[in-house]
Each structure stands twice: as structure tokens, then as C-alpha cells.
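Work through the exercises below with the sequence and the structure side by side. Try each task before reading its solution.

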Amino acid sequence: MAEQYYNHIAVESIMDKDRALRDFVRLILNKTNNMFEYEGLPETLPARFLELYLQKNGNCCVTDYKDNLYCYRGGLGGVPDEYYQPTIFTIANPYQKFNKMVKLGEEGVLCRNDMLMVGIMPTIMKYGSLIIENLISFRVASINTRIQTVIDATDDSAAQSAKQYLKDVEEGKLGIITTDKLFENVNITPGGNQYRHITELIEMNQYILSQMYAEMGIMDNYNMKRERLTSGEVDAENNKVVVSIENMYQERCIFCDAINKMFSTNIKVRLNERWGMDADSEGSDSRVQDSGSNEKDSE
């Protein structure tokens, strides 16, 4: 009974596109949550929620509540500044019973995931939708590999004999058809070659994932050429990843500096070295290895 339940859940998790996409988004956000590492964050400002808000919503606000720093989700507004940027962040936290229109730059710091506060959700949703469609096709193609031949019987007797023949083969017995007349009433057509389609679907899945990771700044070793890459191609791919993630890193440096200045903290941020950027390689940004302040970067 339990096996039937879990089998139903497994099939449903693939065929229900909305549910499958939600699960995919959660899995990716679990992976990207540790993209950046922080030092000096107060206990009330955990990095996992700071990153979750930034990546999902594109922004959050850090301000103090009862002499402790918290990050909040909320709405942007107020009279735009000289660059038409918001000046007010509206907070409504039901647990803390904390409601406030925070003046940005005076009472709180606007933290951006990227310059335009897009976040990574649009990227995950876009490629996640393509991956779900591909996985559904993969499931159908996998099932179709079981059909090696299609048997067409013209009467009930021939159909029963064909069923018995297939049953004997399934049980490991030698299947025998005894009459020539049966061959006249049964047509056997070879099934289509699904293995080629499965290979193409696997390659498509890997390609979609590699494109998604590249947009988010994650190094992914996927080669469509099916051969060795030249050093120039490898460098071009690495540079694409660096450009993708550099803006997110710079924005985190900016808001860490702003928080430190406003609330007298000593917060530092750096890129997690597991994400594939080599800080010691020629041409790489040394701030990735040891960041924490724009003042230090500008020296």
C-alpha cells in the first residue's frame, strides 16, 4: 500500500507541471543559498534568510528592531530620489507586530541582489519550465522503450494466442506458435527506436541546466561539441560566468558597507569558493577571495 502511494506521488510530481516546477525551484534555491559567505552577521540576521529574500524577491531591507538587526521583505515606495530610486521601504511583520515605513539611508539599508533587483527567480522559472517539459517527454520515451514490437491480431483466438505467447516469454519460457493459420491472423510491426530520442532528451536536459547555471554565475562543465574544448573556449565560458555573478557580488559589498556604516557592524561577504571561480587565477577579481568593503576595494 505504501509503495503504491509513493509511486503515485513520484508520477504526480513529474506529470503535475505546477507542482514539479515548485519542487524544482525549491531544489535550486537550496543549492544557491550558500553562493555567498558572510562574516560578522549578528545572530538575528541569519545569512540563509538574507540570501533567500535577495534571491527570491530581488531585495530586502535591513533595519533595527528592539536594538537588533533583522532583514525584512516589504514594498518599495516613497518620493523617488534624484536617480528615481525608492526612498521608503514598508515593513509589516505580523510575528513581531512590527509595522514601519523605513526611510532608506537613514533608518535602514536597501539590500539588492543585483542592480535592478530582479533576483534569480525569473531565470529559475524560465529554465525550470523547459526542464519539466523535457522530463515529461523523457518519461514517455522511457516507457515507449518497452514496446519492441506491436502485435495486431485480427480475431479473438489469435489475440489470446499472442497474449499467451508474450506471457510465456515474460516468464522465461519458450514461446511457441503451433499453426500456420495463426500467422495469417497476426501482424507484427517493429516498435520505433526510442533510445535515440532518450539520448537527445538527456543532452537537452543537460544543455538547459548548463544555460540556467551560466546565467546565475555557476560554473558547469557541459560541452555540446562532444570533443575537447580549446583554451580560448574555456576562457570565454569562464568569463561569461564571472560577468554573470560579479554584479550580485558587487551589490552585496555595497550593502554590507552601508550596514556597517549605519549600525557600526563589521560584516564581510565573499563568494563561496565551491562555485567555480578561481580567485588566484590571472585576471580574476581578488575581491572574491577577500571582500568586505568598497573602501578596501577602491584602494
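A polar contact is a pair of N or O atoms within 3.5 Å, where, within protein, one atom must be able to donate a hydrogen and the other to accept it, and where residues adjacent in sequence count only if both atoms are side-chain atoms. The model is predicted, so local features need pLDDT of at least 70 and side-chain atom pairs count only at pLDDT 80 or more, while totals for chains, interfaces and linings use all residues. Residues are numbered from 1 along each chain as its sequence is written, and side-chain values use heavy atoms, with hydrogens and water left out.

**Exercise 1. Find the residue whose side chain is joined to that of N272 by a polar contact, and decide whether N272 is buried or exposed.**

Begin by locating N272, which is found in the loop between β10 (268-271) and α9 (294-298); helices (H or I, at least four residues) and strands (E, at least two) are DSSP runs, numbered from the N terminus. Next, look for the partner: the side chains of N272 and E37 are joined by a polar contact of 3.4 Å. Finally, classify the residue, using the rule that buried means under 20% relative accessible area, exposed over 50%, and partly exposed in between (1.4 Å probe, protein chains only). With a relative accessible area of 7%, N272 is buried.

**Exercise 2. Compare the span of helix α2 with the expected value, and work out where its buried residues lie around the axis.**

First take the length: α2 covers residues 17-32, which makes 16 residues, and from its first C-alpha to its last it reaches 22 Å, close to the 22 Å expected at 1.5 Å a residue. The expected span of a helix is 1.5 Å times one less than its number of residues.

Then list the buried residues of α2, which are A20, L21, F24, V25, I28, L29 and T32. They cover an arc of only 165° around the axis, and therefore sit on the same side of α2; the arc is that of the directions from the helix axis to the C-beta atoms. An α-helix has 3.6 residues a turn, so residues three or four places apart point the same way. On the other side of α2, L27 and N30 are exposed.

As a last step, look at the start of α2, where a side-chain oxygen of D16 comes to within 3.3 Å of the backbone nitrogen of D18.

**Exercise 3. Which parts of the chain are linked by the salt bridges of K17 and of E51?**

A salt bridge is a side-chain nitrogen of Lys or Arg within 4 Å of a carboxyl oxygen of Asp or Glu, and a search of the whole structure finds six salt bridges. In one of them the side chains of K17 and E133 meet at 2.8 Å, N to O. This pair links distant parts of the chain, with K17 in helix α2 and E133 in helix α4 (residues 121-144), 116 residues apart. K17 is partly exposed at 42% relative accessibility, and E133 is partly exposed with a relative accessible area of 38%.

Turn now to E51, which forms a salt bridge with R252, their closest N and O atoms being 2.8 Å apart. Because E51 lies in helix α3 (residues 47-57) and R252 in helix α8 (residues 231-263), the pair ties together parts that are 201 residues apart in sequence. E51 counts as buried at 0% relative accessibility, and R252 counts as buried at 0% relative accessibility.

**Exercise 4. Check the span of α4 and name its buried residues.**

The 24 residues of α4 should span 34 Å at 1.5 Å a residue, and the end C-alpha atoms of the helix are 34 Å apart, which agrees. Its buried residues are M121, T123, I124, Y127, G128, I131, I132, N134, I136 and A141.

**Exercise 5. Where do Y84 and K97 lie, and are they buried or exposed?**

Most residues other than glycine have a negative phi, and most peptide bonds are trans. Y84, although not a glycine, has a positive phi of about 60°; Y84 lies in the loop between β4 (75-77) and β5 (88-93) and is exposed, with a relative accessible area of 71%. K97 is not a glycine either, yet has a positive phi of about 55°. The loop that holds K97 runs between β5 and β6 (98-103), and K97 is exposed, with a relative accessible area of 71%.
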